[in-house]
Amino acid sequence: MRIPYRFTIVIHNKKLKLFRFHGRRMSTTPIPTRTYRDAIDALNSLQTNAAILEAVRAAGSKLNPNAIPEMIDYLRKGSTSAFTDSILRAARPGWKTGLYTSPHLVAVRERIRINGEPLSEEEFARYFFEVWNLLQNTKCEAATTPFMPNYFRYLTLMAFYTFYQLKVDATILEVGIGGRSDSTNIVPKPVVTGVTALGYDHTRLLGEKLSQIANQKGGIYKEGVPALTVQQPEEGILELVVCSVEQRASQFTVIDALPSTIPLGLAGAHQRSNAGLAVQLVHTFLSIKDQSYSPMSDPNTSGAASATWSGTEIEPLKSLPTSFMDGLENAHWPGRCQTVPDSKFGAMTWFLDGAHTQESLACCLEWFVSPAVGLPVSPVSDDHPPRVLIFNCTSGRSGDAFLTAILEKVEEQLAIHGSLEKKEEFFAKVIFCSNVTYASGNFKGDLTSAAISTTDNLNLKTQREIEAAWNKLVPTYSGTVHVLPSIEDAVEEARKTLNVSVLVTGSLHLVGGVIEVAGLADRALSPKA
C-alpha cells in the first residue's frame with residue numbers, strides 16, 4: 001500500500017519527522033454507511049488482550065523486529081507536536097496541516113487532526129472503513145504478516161490515508177513507542193527529525209538503560225536528514241550522536257530551551273524545552289521545503305539564519321518571527337499541566353496532567369506545587385483550598401517509584417517556595433482508582449482497554465499495591481486514602497470536598513476518563529474555552 005501526498009511533518013513525543021510519499025491514488029470500493037460507533041467497535045477488536053501482553057512481558061520480549069516490514073506489507077511527543085503544529089499553522093496560514101498523535105484523551109478521533117481540529121465522527125467513520133475495506137480485500141505478500149494490523153498500526157495507516165485523501169500540505173506525526181521499530185518509522189526520508197527529553201518509560205521494550213532508550217529513539221534519524229534533539233543527560237546525548245553518525249544524518253544539533261520571557265500556551269517549565277525544539281523543527285522544515293520562507297523579512301526578527309538551503313547545516317533561529325511567537329502562545333494541548341475550573345461545584349478546580357514517567361511526574365509536581373497553582377500566591381500563607389490527589393498507573397509501571405517521585409518533588413518545591421507545609425500533609429485526600437470509566441464497570445467505547453486484566457480490575461490489584469506503597473512512604477499521613485473501582489467513583493469522592501483543588505495524574509487514560517465523566521470536555525478540550 002503506497003501512500004502519496006505532499007510535504008509532511010511528523011513529530012513524536014520524543015521525535016519528529018517530515019517526509020513525502022510518491023505513488024498512485026488508491027481507489028476504494030463503495031461500502032454501506034457505518035457510524036463512528038461501528039468504527040470504534042471494529043477498532044477495539046484489533047487491541048491485544050491482557051493475557052497476551054502478560055505472556056509477552058513474562059517472556060521478556062522486546063519490540064517486534066518485523067514491525068517495519070509488516071507495515072510496508074500493509075501499505076508518534078505530544079506537547080512538541082502541538083507546538084509544532086501551532087507554529088506551522090501560524091507561519092503558513094494558507095497551508096492545510098495534518099497532525100497524528102497518541103494516545104487520545106476522550107475520543108479516538110483526537111489522534112488525527114486537520115488544521116488543529118480532530119476529525120469529525122463522520123469523517124473518522126468514512127476513512128476508517130475505507131481503509132478497513134482495502135485491507136479486508138488485500139492479501140499480504142508475506143505469510144508471517146497478520147491479516148489485520150493491530151490497534152496502533154491500523155490508526156497509523158488510517159492517518160496516512162486520511163492525510164493523502166485530504167491533500168494536506170504538511171503532516172506532524174508523533175511516534176508511538178521508541179522509534180526504531182515503531183510503525184510510524186516507515187517514512188524512508190523525513191525532512192527533519194527530532195528527539196525530545198529522554199525518560200525511563202516502556203523499559204521492558206526499550207531497555208533499562210538510558211543509552212538503550214536513546215538508541216531506540218535515535219532510530220528515527222535518517223541519512224541526509226537533519227537530526228535535532230534537546231539538552232539530555234550525557235549517556236543519552238552520546239548515544240544520540242552515535243545514532244546520527246550511523247544513520248549519516250546531514251547534521252546533529254542540540255537545541256536550547258526557550259527563555260522564560262517568551263509566552264507559551266502550555267504551562268510548565270519543561271515546555272520551554274519542547275517549544276524550543278518545535279521552533280527549530282519548523283524553521284528547518286521551512287528552510288528546506290519553502291523557498292518563500294525568510295525569517296529575516298519579519299520586522300521583529302533579527303540575527304536569524306538565511307532561509308536559503310544549499311544542503312549545508314541549518315543554523316538555529318536566534319530570534320523568533322512574530323508568526324512563530326503567535327504559534328507558541330496559541331498552542332493548546334489538553335491534559336498536560338492544564339487547569340480547568342469546575343464552577344458547577346463551587347470553587348472546585350481540576351489540575352490535569354497525564355504524566356506517566358518519573359521524569360514527567362517531577363515536571364507535573366514542579367508545575368502544581370508553585371504559587372497561584374497548587375500553592376497560594378503567597379506560599380507562606382495557610383489560606384489555600386484543600387487538595388485531593390487522584391492517581392493511577394498502568395500495569396508494568398512502578399507505583400512505588402512514582403509515588404516516591406511525587407513526594408520528593410512536593411518536598412523540594414515547598415522548600416523552594418518557602419512554604420511551611422509538610423509533604424505528608426500536602427494532600428488532604430488521596431484517591432487510587434482503576435482506569436475503568438464508569439461505576440457500572442463499563443468503559444466509554446473510545447476508552448476501552450483490552451490490556452487491563454479483568455481479574456486485576458475486579459480485585460483492584462494494582463490500586464491496592466499503590467495504596468500499600470503510599471502507606472509505607474507516608475506512615476504518618478493524617479488524611480484519607482480511598483481505593484475505588486472506577487474513575488466515576490473517584491470524581492464523585494473528590495466532589496464531596498468543597499472548594500477543592502484536584503490534581504489528576506499518573507496516566508493519560510485516567511485524565512481522559514476524568515474529563516469525560518466530570519463533564520469537562522467543553523472547557524478542557526477546546527482551545528477557545
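A residue is called buried here when its relative accessible area is under 20%. By that cut-off, 57% of the 529 residues in the protein chain are buried. The model is predicted.

**Whole chain.** Start with the full protein chain in cartoon view, which shows 18 helices and 15 strands. Switch to a surface: the accessible area is about 21800 Å², and carbon and sulfur atoms account for 51% of that area.

**The sheet.** Next, select strands 10 to 15. These 6 strands form an open sheet with mixed pairing, and going across the sheet the order is 10-11-15-12-13-14. At its edges lie strand 10 (338-342) and strand 14 (480-484), each paired on one side only. Look along the sheet to see the twist: neighbouring strands are turned by 20° against each other on average, with direction ignored.

**Strands 11 and 15.** Narrow the selection to residues 348-353, which are strand 11, and residues 501-505, which are strand 15. The two strands run parallel and are joined by 5 bridges. Which residue of strand 15 stands opposite Phe 351? Show side chains and find Leu 503 in that position.

**The loop after strand 11.** Move on to Thr 357, in the loop between strand 11 and helix 12 (358-368). Is Thr 357 buried or exposed? Its relative accessible area is 8%, so Thr 357 counts as buried, the limit being 20%. Finally, add Ser 360 to the selection and draw the distance between the two side chains: Thr 357 and Ser 360 are joined by a polar contact of 2.8 Å.

Definitions and conventions
Residues are numbered from 1 along each chain as its sequence is written. This is a predicted model: local features need pLDDT of at least 70, side-chain atom pairs count only at pLDDT 80 or more; totals for chains, interfaces and linings use all residues. Side-chain values use heavy atoms; hydrogens and water are left out. Two strands pair if DSSP finds at least two bridges between them. Helices (H or I, at least four residues) and strands (E, at least two) are DSSP runs, numbered from the N terminus. Axes are lines fitted to C-alpha atoms, for helices over the stretch in contact, and angles run from 0 to 180 degrees between N-to-C directions. Buried means under 20% relative accessible area, exposed over 50%, partly exposed in between (1.4 Å probe, protein chains only). Accessible areas come from the Shrake-Rupley method with a 1.4 Å probe; for residues, only the protein chains shown count as cover. A polar contact is a pair of N or O atoms within 3.5 Å; within protein, one must be able to donate a hydrogen and the other to accept it, and residues adjacent in sequence count only if both atoms are side-chain atoms.
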